[in-house]
Amino acid sequence: MNCELYDDLLDDYVDGVRASDQRSDEPFAAFEQHLAGCTRCQALVADLTRIRLAASALDEHIPPPRLWARIASSIDEQQRQPWWQRQLGGTFSAWVPAAVAASIALLLVAGGWNAWQQRRIETPQQVAAPQPETESVPAEQHYERAIAGLQRLAQAQNGALDPETRAVLTKNLAVIDRAIDESRAALDQEPASALAQESLLEALETKVALLQETVALATDSGGPEETAGPARELNQ
Amino acid sequence: MRTADLELAARCRAGDAGAFEELYRQHARRLFSLVVRMIGSVDDAEDLLQEVFLQAYRKLSGFRGDSALGTWLYRLTMNHCLDHLRARQVRMNRATESLDEEGAEEPVAPAPVVPAAVSRLDLERAINMLPDGAKAVFLLHDVEGFEHREIAQILGISEGTSKSQVHKARLKLRMILRR
C-alpha cells in the first residue's frame, strides 16, 4: 500500500498542522486519499491521536509549598555569603563543605574502627549480635499514623468551622481519598512500581497537609460563629 | 512578551525580592510536572527543581532575551534532568540509538490497538518506559505543547530530530499501551 511514503505526513496530520503550517494541500490530499482505503494507516492515525489527546490532558504535578521556601532560604543564604565566595559560585561552596564533611566522616570511621578493634582485643569472648532498637517503619505507616491523629483532632474541632469552609474541606478530603484509593489499586497491580508508590505517598502527604490546614483553621476560628477564611478547592 | 521577560530578569538582577518569586510562580508548576515525568520521582524532582532555580538565579545576569525566559528556564531544566539521568547511568544517546533500530516493531493492525480512553496511570507508566531522549521530546511536544522549533532550541537538536523522536515515541507508546 506504500504506507511508508506518508510516514512524514502522518504526525503532522495527527497534530493538525495542515491549516496552520500552510503546507501545500497536494501531499495531504494524496495522504487522505490513501487513508480512505488503508486500514493500517487508519488504525495508526486513530491510535496516535488517542495517545496525543491523552498526553495533552495529563494532570499537572503540583510542587509542594515548601519548595519555594527552600529556594528562598538558599538565595538568602547565598546573599549573606562573602563576595569572594559568591564569585566562586556553587562549585567552591559545594565541594568545600563536602570535603570537610567527608574528612570528618573518615576520622569518625577511623576512630570508631580503632576503638572497636581495641575493645575486641581486650574482651574477645564478648561477642553479641547487635539488636536493632526499632524496625524501620515504611513511610506509608508514618503517614497513616499522622492521618489518624489529625483526623481525631479535626473531628473534635469540626464544629468550630463555618459550614461553607467545612463543605469545601470535606469535598477536598474526598478528592484526596479517591486519589489514595486509585494509587493503592495501582500499587496492588504493580507492587514494584516506583511511580505508583510515589503517587500513593504524594496523596497521603497531601491528606496530612489538608488535615493540618483543617485543624489550624478550626483552631484559628475558635467557634462556629466566626469565619475561618476561604478554603481553596482542589482540582479533581 | 520579550520586553516583559527582560524587565522581570532586570528586576531579579537588581535584587527585587518579589521578582524572582514571580518568575518561580509563573513557571514552577509546569517545570515541576516535566521534571517528575522525566526522572520518575517526586522527591528527586523537588531537589532538582530547587537546583534549577538556584542556577537560574545565579545565571540571570547572562540572560540576554534571545529566547523567551520560559524557554531559557526549560533549557536549564532539561539540562539538569538529562545530567541527572546520565548520572544514574541511563545513557540517553545509547537509548535513543537503540530506539532508532526498533523501526520494525510497529504493529500492522487493521484496527486501533490503543484503548479509546487511555488511563492517566497507564500513560504515565508508559511514558516512564521511553528512552530518555524520546521521552524528553515527547513530553515537551505532546504534554507541554511546544512546537518542534521551540524544542530544537530547548534541547539543542534539529527540528527534524525533534519530529522523528516524537514519531518514534508515539509508536513506542502504542506498543506499550496496546490492549
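pLDDT is the predictor's confidence in each residue, on a scale from 0 to 100. With that in hand, the elements of chain B spread out clearly: helix α5 (residues 92-100) of chain B sits at the bottom with a mean pLDDT of 48, while α7(B) tops the list at 96. Everything here comes from a predicted model, and the predictor gives the complex an ipTM of 0.86 and a pTM of 0.60.

Chain B averages a pLDDT of 86, and 88% of its residues score at least 70. The weak spot covers residues 95-101 of chain B, where pLDDT stays under 50. Even so, the model gives that stretch 12 contacts beyond four places in sequence. Chain A comes in at an average pLDDT of 72, with 64% of the residues scoring at least 70. Within chain A, confidence bottoms out in helix α5 (residues 83-122) of chain A, at a mean of 54, and peaks in α3(A), at 94. Residues 90-97 of chain A keep a pLDDT under 50, and the model has two contacts for them beyond four places in sequence. Residues 124-136 of chain A are also below 50, and this stretch has zero contacts in the model beyond near neighbours in sequence.

As for the fold, chain B is built from nine helices and zero strands, so to speak a run of α-α-α-α-α-α-α-α-α along the sequence. Of the 179 residues in chain B, 41% are buried. Among the contacts in chain B with a separation of 6 or more, 70% join residues 24 or more positions apart.

One local example is B:A9, which lies in helix α1 (residues 2-13) of chain B. B:A9 counts as buried because 22 other C-beta atoms lie within 10 Å, against a cut-off of 20 or more. Leaving aside residues up to four places away in sequence, B:A9 touches B:L60, B:F63 and B:L69. B:Y57 is 48 residues away from B:A9 in sequence, yet the C-alpha to C-alpha distance is 9.4 Å.

The largest nonpolar core holds 55 residues, and those with the most contacts inside it are B:V35, B:A45, B:L49, B:V137 and B:F138. Helix α2(B) contributes the largest share of this core, 11 residues. One of the well-connected members, B:A45, touches B:F32, B:V35, B:V36 and B:I39, again not counting residues up to four places away in sequence. There is also a second, separate core of 14 residues, including A:I176, A:A186, A:L211 and A:A218.

Turning to the interface, 41 residues of chain B are in contact with 33 residues of chain A. On the side of chain B that touches chain A, α2 (17-39), α3 (42-59), α6, α7 and α9 of chain B each supply at least two residues. The most comes from α3(B), with eight residues. By type, that side of chain B divides into 23 nonpolar, seven polar and 11 charged residues.

From chain A, helix α3 (residues 39-56) is worth a look. This helix of chain A has 18 residues and reaches 26 Å from its first C-alpha to its last, close to the 26 Å expected at 1.5 Å a residue. The buried residues of α3(A) are A:L44, A:D47, A:L48, A:R50, A:I51, A:R52, A:A54 and A:A55. Their packing partners are α1 (7-15) of chain A together with α6 (120-128), α7 (132-143) and α9 (159-177) of chain B.

Notes: Residues numbered from 1 in each chain as written. Chains lettered and ligands numbered in written order. Predicted model: local features only at pLDDT ≥ 70, side-chain atom pairs only at ≥ 80, totals over all residues. Helix = DSSP H or I, 4+ residues; strand = E, 2+ residues; numbered from the N terminus. Expected span 1.5 Å × (residues − 1). Buried ≥ 20, exposed ≤ 12 C-beta atoms within 10 Å, placed from the backbone. Contact = placed C-beta atoms within 7 Å. Nonpolar A, V, L, I, M, F, W, Y, C, P; charged D, E, K, R; others polar. Core = buried A, V, L, I, M, F, W, Y, C linked by C-beta atoms within 7 Å.
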